Amino acid sequence: MSNTTRLIDNLKRFRLVTFDITDTLVRFSKPPAVQYAKTAAQLGVTDIDQSAMEACFKREFKAMKKMHPNWGYNTPNFTWQEWWTSLVKNIFLCVKPDIDPKKLQEVANTLVRIYRTKECYSHIDGGVELIDKVRNSGKKVGVISNFDPSLRQVLKEVNLDEKFDFIMTSYDVGFEKPHKKIYDACLNKCNIQSNEALHIGNMYTMDYEGARNAGWSSILITTNEEDLERTQPTQGYRNIKDLLNALDNDGIKW
């Protein structure tokens, strides 16, 4: 059996294959805390303690997600752009309380802007090949991502937008993975049943388990050994290359 024939056979039950984006197909070029400090320095805000930046980033991001989930979707009079601007300001005030307010606004505006460009992202090896092989096997191909509406611009910047039949963000639906409603929204859009859909992502709870709880099949791509163990025998892979090899050469049991 040829590689192409084997891949088609492995995916034959599916009409739709969706992908997570961040750390599945695309990763940050630099850790956000590093990028934040670099951008600030370029704008004249120096003497940033990198360890403090990392700690403040984690703390403030967690706090914003708790206070205003899903990029502020349900917060009245609070846009997703304001969500990110508030986050940046909170982080820098945590790291450098005496930062000049005008400079803080400049840093915030710049970071919100550049995180919608290719400057902050890079492809994960094998991602484009995987998308193309799935598409060439005759499947609808989509995105399901806990992201704000700027994801479409980001994917355009990294030359991925035209590879998908649709892009579904948590902000579009009003619910984040692993909620069943974000998966159901994709089924409704494509007019297919859950047993005809496969989702591929890197987070056990949000992607692998969330999809399965919605009636889908799923594949996990992760280096977390505990999560890999839970996805055996054939639904967990350490990287995209391993998944491609399995699709081309092995019989995947769903």
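Which residues of helix H13 (residues 240–249) are buried? In this predicted model, the buried positions of H13 are Ile 240, Leu 243, Leu 244, Ala 246, Leu 247 and Asp 248. An α-helix has 3.6 residues a turn, so residues three or four places apart point the same way. The buried residues of H13 pack against two helices, H1 (3–10) and H7 (127–136), and against three strands, E6 (197–201), E7 (217–221) and E8 (236–237). At the start of H13, the backbone nitrogen of Lys 241 has a side-chain oxygen of Asn 239 within 3.2 Å.

**The sheet and the helices across it**

Six strands make up an open sheet whose order is E5-E4-E1-E6-E7-E8, and the pairing is parallel. Strand E5 (166–169) and strand E8 are the edge strands, each of them pairing on one side only. The parallel pairing of E7 with E8 extends over two bridges, and Ile 221 stands opposite Tyr 237 of E8.

Helix H10 (residues 180–190) lies across strand E1 (16–19), strand E4 (140–145), E5 and E6, and its direction makes an angle of about 155 degrees with E5. Helix H11 (residues 204–213) lies across E6 and E7, running at about 165 degrees to E7.

Within the sheet, Thr 18 has its place in strand E1 and counts as buried, because its relative accessibility is 0%. The side chain of Thr 18 makes a polar contact of 2.8 Å with the side chain of His 199. When neighbours within four places in sequence are left aside, the residues in contact with Thr 18 are Gly 142, Ile 144, Phe 166, Leu 198, His 199, Ile 200 and Trp 216.

**Salt bridges**

Side chains of opposite charge can pair when their charged atoms come close. A search of the whole structure finds 17 salt bridges, and the table sets out some of them with their N-to-O distances.

| Residue | Partner | Closest N and O atoms |
|---|---|---|
| Glu 196 | Arg 15 | 3.4 Å |
| Glu 129 | Lys 133 | 3.5 Å |
| Arg 135 | Asp 165 | 3.5 Å |

Glu 196 forms its salt bridge with Arg 15; Glu 196 lies in the loop between H10 and E6 and Arg 15 in the loop between H1 and E1, so this pair ties together parts that are 181 residues apart in sequence. Arg 15 is partly exposed, its relative accessible area being 42%.

Glu 129 and Lys 133, by contrast, both belong to helix H7, where they are four residues apart, about one turn of the helix. Glu 129 counts as partly exposed at 34% relative accessibility, and Lys 133 counts as partly exposed at 26%.

The side chains of Arg 135 and Asp 165 also meet in a salt bridge; Arg 135 lies in helix H7 and Asp 165 in the loop between helix H8 (151–157) and E5, so the pair ties together parts that are 30 residues apart in sequence. Arg 135 has a relative accessible area of 29% and is partly exposed, while Asp 165, at 39% relative accessibility, counts as partly exposed. Salt bridges that share partners join Glu 129, Lys 133, Lys 241 and Asp 248 into one network, and of these residues Asp 248 is among the buried positions of H13.

**Nonpolar cores**

In soluble globular proteins, nonpolar side chains tend to be buried together. The largest nonpolar core here has 64 residues, and those with the most contacts inside it are Phe 19, Tyr 36, Phe 92, Leu 155 and Phe 164. Helix H5 (residues 80–95) gives the most to this core, contributing eight residues. Not counting residues up to four places away in sequence, Tyr 36 touches Met 53, Phe 57, Trp 84, Leu 87, Val 88, Ile 91, Phe 92, Leu 111 and Tyr 115. A second, separate core has 14 residues, including Leu 16, Ile 182, Ile 192 and Ala 214.

**Asp 148**

Is Asp 148, in the loop between E4 and H8, buried or exposed? Asp 148 counts as buried because its relative accessibility is 1%, which falls under the 20% cut-off. The side chain of Asp 148 makes a polar contact of 2.8 Å with the side chain of Trp 84, and another polar contact, of 2.4 Å, joins the side chains of Asp 148 and Ser 150. Leaving aside neighbours within four places in sequence, Asp 148 is in contact with Trp 71, Trp 80, Trp 84, Arg 116, Thr 169 and Tyr 171.

Key
Residues are numbered from 1 along each chain as its sequence is written. This is a predicted model: local features need pLDDT of at least 70, side-chain atom pairs count only at pLDDT 80 or more; totals for chains, interfaces and linings use all residues. Side-chain values use heavy atoms; hydrogens and water are left out. Buried means under 20% relative accessible area, exposed over 50%, partly exposed in between (1.4 Å probe, protein chains only). Contact means heavy atoms within 4.5 Å. A polar contact is a pair of N or O atoms within 3.5 Å; within protein, one must be able to donate a hydrogen and the other to accept it, and residues adjacent in sequence count only if both atoms are side-chain atoms. Two strands pair if DSSP finds at least two bridges between them. Axes are lines fitted to C-alpha atoms, for helices over the stretch in contact, and angles run from 0 to 180 degrees between N-to-C directions. A salt bridge is a side-chain nitrogen of Lys or Arg within 4 Å of a carboxyl oxygen of Asp or Glu. A nonpolar core is a set of buried Ala, Val, Leu, Ile, Met, Phe, Trp, Tyr and Cys residues joined through side-chain atoms within 4.5 Å.
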